Amino acid sequence: MACTHHCCSTENADNGRYRNILWIALFINALMFAVEIIMGIKAGSVSLLADSLDFFGDAANYGISLFVVGKTLHIRAKASWIKGYTMGGFGLWVLASTLYHFWYGNIPNHHDMGIVGVIALIANIIVAVLLFAFRNGDSNRRSVWLCSRNDAIGNIMVVAAAFAVQFTQSSWPDLLVAVTMAVLALQAAVQIIRHANTELSARPKISLVAQHEQHFDPD
Ligand SMILES: [Zn+2]
């Protein structure tokens, strides 16, 4: 399940050791994003495609943490604006694929679904353990936990769908899980875009206030 996180570590990315962990988290999430898309297409499984959305969102978060922390609010807002629209685009693509599979798809390969779902779960656990062990202070402990839990629920839903596909010999479980996760990812994308828009539109006001203050500066 896609976590809405602006969470998982945007703070304190200046610490050297913590930066290394963010790089590892970025690499694992980007890799799993690619793996789930490739395997989703190969296995004919749209729930794998939908699960990849979360890896995309998380990879983008770690990228933002690494590259735009310490930059101005405007640049950070712009980065999450781009992330929101990219995630929304992928979400729509997954929804469209799900509709396509509903009409024209075959029963997905439950074997590939199950294996990739378990690998995704392991990947998320590794990242969670690393972030938890090397987190900076206690501030993001809760967010690491919440995001990891949501990610794990998504992976477990894919594995459960794999079993259900095998059991029912139909693609319904795959389609249902895909729709659920794609809708959640789209909701998250809308929230991210709204939040970024608020920050982007707040900027001129702040500079007006600054000008105003300058103007009345007694010096
Ligand atoms: Zn996540």
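## Reasoning through a predicted helical model

Tutor: Let's begin with a contact: in this predicted model, Lys 42 and Asp 112 form a salt bridge, with 3.2 Å between the closest N and O atoms.

Student: Why is the pair Lys 42 and Asp 112 called a salt bridge?

Tutor: The term asks for a side-chain nitrogen of Lys or Arg within 4 Å of a carboxyl oxygen of Asp or Glu. Here a Lys meets an Asp at 3.2 Å, so the pair qualifies. The structure holds 1 salt bridge.

Student: What makes this pair a link between parts that are apart in sequence?

Tutor: Lys 42 belongs to helix 1 (residues 16-43) and Asp 112 to helix 4 (residues 110-134), so the salt bridge ties together parts 70 residues apart in sequence.

Student: Are the two partners buried or exposed, and how do you know?

Tutor: One of each! Lys 42 has a relative accessible area of 59%; exposed means over 50%, so the word fits. Asp 112 has 13%, and buried means under 20%, so Asp 112 is buried.

Student: Which other residues of helix 4 are buried?

Tutor: Among them are Met 113, Gly 114, Val 116, Gly 117 and Asn 124. For Asn 124, the relative accessible area is 7%, under the 20% limit, so "buried" is the right word.

Student: What does the side chain of Asn 124 contact?

Tutor: The side chain of Asn 155, in a polar contact of 2.7 Å. The cut-off for such N or O pairs is 3.5 Å, so 2.7 Å lies within it.

Student: What happens at the start of helix 4?

Tutor: There, a side-chain oxygen of Asn 109 comes to within 2.9 Å of the backbone nitrogen of His 111.

Student: How do you know that the span of helix 4 agrees with its number of residues?

Tutor: With 25 residues at 1.5 Å each, the expected span is 36 Å, and the end C-alpha atoms are 36 Å apart, so the two agree. Helix 2 (residues 46-67) passes too: its 22 residues should span 32 Å, and its end C-alpha atoms are 32 Å apart.

Student: Why is helix 2 called largely enclosed?

Tutor: Because 21 of its 22 residues are buried, the rest of the structure largely encloses helix 2.

Student: Where does UniProt place the feature "transmembrane region"?

Tutor: The unreviewed UniProt entry places it at residues 21-43, 55-73, 85-103 and 115-132. In the model, residues 21-43 are 100% helix and 0% strand, with end C-alpha atoms 32 Å apart. Residues 55-73 are 74% helix and 0% strand, and there the end C-alpha atoms are 24 Å apart.

Student: Which residues form the nonpolar patch on the surface?

Tutor: Leu 99, Tyr 100, Phe 102, Trp 103, Tyr 104, Trp 172 and Leu 176, with about 900 Å² of accessible area together. Helix 3 (73-104) and helix 6 (172-215) each give two or more residues, and helix 3 supplies the largest share, 5 residues.

Student: What makes Tyr 100 exposed?

Tutor: Tyr 100, in helix 3, has a relative accessible area of 52%. That is over 50%, so Tyr 100 counts as exposed.

Student: And why is Gln 166 called partly exposed?

Tutor: Its relative accessibility is 39%, and partly exposed covers what lies between buried (under 20%) and exposed (over 50%), so Gln 166 fits. Gln 166 sits in helix 5 (residues 141-168). Its C-alpha atom is 6.0 Å from that of His 110, although the two residues are 56 apart along the chain.

Technical notes:
Residues are numbered from 1 along each chain as its sequence is written. This is a predicted model: local features need pLDDT of at least 70, side-chain atom pairs count only at pLDDT 80 or more; totals for chains, interfaces and linings use all residues. Side-chain values use heavy atoms; hydrogens and water are left out. Helices (H or I, at least four residues) and strands (E, at least two) are DSSP runs, numbered from the N terminus. Buried means under 20% relative accessible area, exposed over 50%, partly exposed in between (1.4 Å probe, protein chains only). The expected span of a helix is 1.5 Å times one less than its number of residues. A polar contact is a pair of N or O atoms within 3.5 Å; within protein, one must be able to donate a hydrogen and the other to accept it, and residues adjacent in sequence count only if both atoms are side-chain atoms. UniProt positions are given in the numbering used here, feature names are shortened, and annotations may be inferred rather than shown by experiment. Patches are made of residues with over 30% relative accessible area and no salt bridge: like charges are joined within 9 Å, nonpolar side chains (Val, Leu, Ile, Met, Phe, Trp, Tyr) within 5 Å. Accessible areas come from the Shrake-Rupley method with a 1.4 Å probe; for residues, only the protein chains shown count as cover.
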